[in-house]
Amino acid sequence: MSTPLSIKPPEEWPLGHVGFVALLGRPNTGKSTLLNSVLDYHLAAVSPRPQTTRRRLLGVYSTDGMQALFLDTPGVHAGGGPLDEAMQEGVRRALHDADVVVLMADPTRLPGQAEDQKVLELAVAAHKPVILVLNKRDVTNAEQQEAVRAFFAPGLPPETPVVHISALNKGSLGPLLAAIRSRLPEGPFLYPADMLTDTIERHVGAELIREVLLDLLSAELPHAIAVEIEAWKELHDQREISAVLHVERDSQKRIVIGEGGRMIKQIRDDAKKKLAELCGAPVHLDLWVKVSDDWRKNKNRLGEFGLLPGFSGKGR
Ligand SMILES: Nc1nc2c(ncn2[C@@H]2O[C@H](COP(=O)(O)OP(=O)(O)OP(=O)(O)O)[C@@H](O)[C@H]2O)c(=O)[nH]1
Ligand SMILES: [Mg+2]
């Protein structure tokens with residue numbers, strides 16, 4: 001059996017096309033879906049609701065002669081509060097770190113709105129090689145795809161490749177991965193080839209609990225909830241996880257708990273399954289619902305919840 005890369009000294013790590021790939025796009029274009037497909041692993045939260053991703057997430061894709069470090073970012077959107085600002089700062093940092101920018105566009109929606117314009121401006125201002133990706137090929141027609149291409153392409157350098165994919169289908173990603181490979185600089189791998197992410201497990205776990213909230217709770221409520229992991233312990237092959245769901249008002253707390261506690265039980269059951277898959281071990285999950293007035297407007301709270309770029313939360 002060959003020696004796993006992670007225990008070889010870094011000077012023996014392979015050489016190849018190596019670098020950061022920022023996933024840029026308005027909410028709901030399929031950035032997190034693409035990350036999960038590339039990794040063949042459900043790392044990033046995905047939902048049909050916009051603004052699912054709240055923090056930057058790194059996914060390491062290692063293959064023969066390439067290590068692409070995908071940076072999944074929150075969708076580009078307008079919004080003036082501290083949470084929106086923190087999310088957009090996450091986008092800016094990813095673009096700053098990127099060697100290649102993947103501009104994800106979604107032809108199911110007519111282009112040209114303010115968010116699309118902002119995405120285009122950010123892509124151009126990054127001064128990095130851009131790949132224009134038209135996603136959701138499985139549910140869009142040539143006319144819709146052309147409308148989106150015609151909006152973005154004239155604003156991008158003429159050499160920008162245009163790639164059609166369905167992020168849900170890994171088999172459609174070959175041309176995109178080839179376009180990324182040819183634009184990444186050459187150098188030694190930066191991470192062990194068997195590593196999927198550098199994001200700490202508790203943050204990935206918080207996003208997966210958020211995915212359950214987006215699935216089970218309607219309207220704007222999931223956006224008013226922050227998931228804070230209070231404890232994440234390994235005990236006798238089992239994970240003991242305790243999380244607080246911070247809501248902004250008492251009325252929201254009542255909905256999250258539900259009649260006779262039915263909703264919070266459903267949230268816990270669904271979240272336990274996702275967390276057990278993430279940890280590869282059975283999970284004991286305690287969930288608490290707490291009213292934290294206007295947490296979205298409070299930078300200290302955002303820092304405590306690990307939602308400010310560069311902050312990792314309380315780290316307990
Ligand atoms: N039919 C179809 N649906 C897709 C495809 N890619 C993504 N989706 C769906 O689009 C929705 C949004 O996907 P996400 O991956 O959460 O989008 P995102 O760009 O990460 O969104 P934010 O995190 O809000 O910025 C989900 O319901 C996905 O299942 C695709 O290729 N085809
Ligand atoms: Mg996302």
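# A walk through two domains, starting at E207

Start by selecting E207: its relative accessibility is just 9%, so E207 counts as buried. The cut-off for that word is under 20% relative accessible area. Before you click on, keep in mind that you're looking at a predicted model.

**Stop 1: the partner of E207**

Which side chain meets E207 in a salt bridge? Select R55 and you'll have the pair on screen, with a distance of 3.5 Å from N to O. R55 sits in the loop between α1 (31–39) and β2 (57–63), while E207 belongs to helix α6 (residues 201–216), so this pair ties together parts of the chain that are 152 residues apart in sequence. Why might two such side chains get together at all? Side chains of opposite charge can pair when their charged atoms come close.

Is R55 buried or exposed? It's buried, with a relative accessible area of 11%. Now show what surrounds R55. Leaving aside neighbours within four places in sequence, R55 is in contact with D72, P74, H203, A206, E207, V227, F305, G306 and L307. Pick out F305 from that crowd: the side chain of R55 reaches the backbone oxygen of F305 at 3.5 Å.

**Stop 2: zoom out to the domains**

Colour residues 5–188 as domain 1 and residues 201–304 as domain 2. How far apart are the C-alpha centres of the two domains? They lie 27 Å apart.

Next, highlight where the domains touch. On the domain 1 side, 17 residues are in contact with 24 residues of domain 2. Together the two domains bury about 1,600 Å² between them, and 51% of that is on carbon and sulfur atoms. In domain 1, the residues that lose the most area to domain 2 are R49, R54 and R55, which together make up 40% of what that side buries.

How many salt bridges run between domain 1 and domain 2? The count is 1, and you've already met a bridge between R55 and E207. Polar contacts between the domains come to 13 residue pairs. On the side of domain 1 that touches domain 2, you'll find 9 nonpolar, 5 polar and 3 charged residues.

**Stop 3: helix α1**

Select α1, the helix that comes before the R55 loop. How many of the residues of α1 are buried? The count is 9 of the 9, so the rest of the structure largely encloses this helix. Click along and you'll pass K31, S32, T33, L34, L35, N36, S37, V38 and L39. To see what covers these residues, show β1 (15–24), β2, β3 (66–72), β4 (100–105) and α5 (174–183), which are among the covering elements. Just past the helix, stop at D40, where phi is positive, near 60 degrees.

**Stop 4: V212 in helix α6**

Go back to helix α6 and select V212. At 1% relative accessibility, V212 counts as buried. Show the contacts of V212 beyond four places in sequence: I267, D270, A271 and K274. For a sense of scale, draw a line from the C-alpha of V212 to the C-alpha of V130, which is 82 residues away along the chain: the line spans 33 Å.

**Stop 5: more salt bridges**

A search of the whole structure finds 19 salt bridges, and a few others deserve a click. Try E248 and R296, whose side chains meet at 2.9 Å, N to O. This pair links distant parts of the chain, with E248 in the loop between β9 (238–247) and α7 (250–257) and R296 in the loop between β10 (283–291) and α9 (299–304), 48 residues apart. Compare the partners: E248 is buried, with a relative accessible area of 6%, whereas R296 is partly exposed at 26%.

Now slide to E304 and R301, which form a salt bridge at 3.2 Å, N to O. Where do these two sit? Both are in helix α9, 3 residues apart, which is about one turn of the helix. An α-helix has 3.6 residues a turn, so residues three or four places apart point the same way. E304 has 28% relative accessibility and counts as partly exposed.

For a last selection, pick R26, D106, R109, E115, D116 and K136 all at once: salt bridges that share partners join these residues into one network.

Key. Residues are numbered from 1 along each chain as its sequence is written. Chains are lettered from A and ligands numbered from 1 in the order in which they are written. This is a predicted model: local features need pLDDT of at least 70, side-chain atom pairs count only at pLDDT 80 or more; totals for chains, interfaces and linings use all residues. Side-chain values use heavy atoms; hydrogens and water are left out. Domain bounds come from an automatic or database domain assignment. Contact means heavy atoms within 4.5 Å. Buried area is the accessible area (1.4 Å probe) that two parts lose on being put together, summed over both. A salt bridge is a side-chain nitrogen of Lys or Arg within 4 Å of a carboxyl oxygen of Asp or Glu. A polar contact is a pair of N or O atoms within 3.5 Å; within protein, one must be able to donate a hydrogen and the other to accept it, and residues adjacent in sequence count only if both atoms are side-chain atoms. Ala, Val, Leu, Ile, Met, Phe, Trp, Tyr, Cys and Pro count as nonpolar, Asp, Glu, Lys and Arg as charged, and the others, Gly among them, as polar. Helices (H or I, at least four residues) and strands (E, at least two) are DSSP runs, numbered from the N terminus. Buried means under 20% relative accessible area, exposed over 50%, partly exposed in between (1.4 Å probe, protein chains only).
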